[in-house]
Amino acid sequence: MDCEESLPLLSDYHAGELDEAARDGVRDHLGCCPPCDGIYHDVETIVVSASSLREEEGISFPDENVIWQRMQFN
Ligand SMILES: [Zn+2]
């Protein structure tokens, strides 16, 4: 799996929604590709902070997939 294949899967990978083959492919790629691994950590941070803010403040944040799409297209 290369960067182009794995990047769109990171959000689902984090959510645990990939099948086993895709999950292994992403995990292997993250293990050997520091830039993608860094992006994955950014996704984790955004998801965690957005959901904790949502719980604490009662503010309606865009869901994780919307955030992820913005990151890709910026
Ligand atoms: Zn990569």
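These legends go with close-up views of a predicted model.

**View 1. The whole chain, a run of helices.** The protein chain has 5 helices and 0 strands. Follow the sequence along and the pattern reads α-α-α-α-α. Of the 74 residues in the protein chain, 15% are buried. Take the contacts with a separation of 6 or more: 48% of them are between residues 24 or more positions apart.

**View 2. The largest nonpolar core.** Zooming in here, you'll find a set of 8 residues: L7, L10, Y13, V26, L30, Y40, V43 and W68. Three elements each give two or more residues to this core, namely α2 (10–15), α3 (20–32) and α4 (34–57).

**View 3. V43 and its contacts from elsewhere in the sequence.** V43 is one of the residues of the largest nonpolar core. Set aside the neighbours within four places in sequence, and V43 is in contact with L10, S11, H14 and W68. Two of those partners, L10 and W68, are listed in the core along with V43.

**View 4. E44, on helix α4.** E44 sits in helix α4, the element that spans residues 34–57. E44 counts as exposed because just 12 other C-beta atoms lie within 10 Å, and the cut-off for exposed is 12 or fewer.

**View 5. E44 and H14 across the sequence.** This pair is 30 residues apart in sequence, yet the C-alpha to C-alpha distance between E44 and H14 is 7.1 Å. H14 also turns up in View 3, as one of the contacts of V43.

How values were computed: Residues numbered from 1 in each chain as written. Predicted model: local features only at pLDDT ≥ 70, side-chain atom pairs only at ≥ 80, totals over all residues. Core = buried A, V, L, I, M, F, W, Y, C linked by C-beta atoms within 7 Å. Buried ≥ 20, exposed ≤ 12 C-beta atoms within 10 Å, placed from the backbone. Helix = DSSP H or I, 4+ residues; strand = E, 2+ residues; numbered from the N terminus. Contact = placed C-beta atoms within 7 Å.
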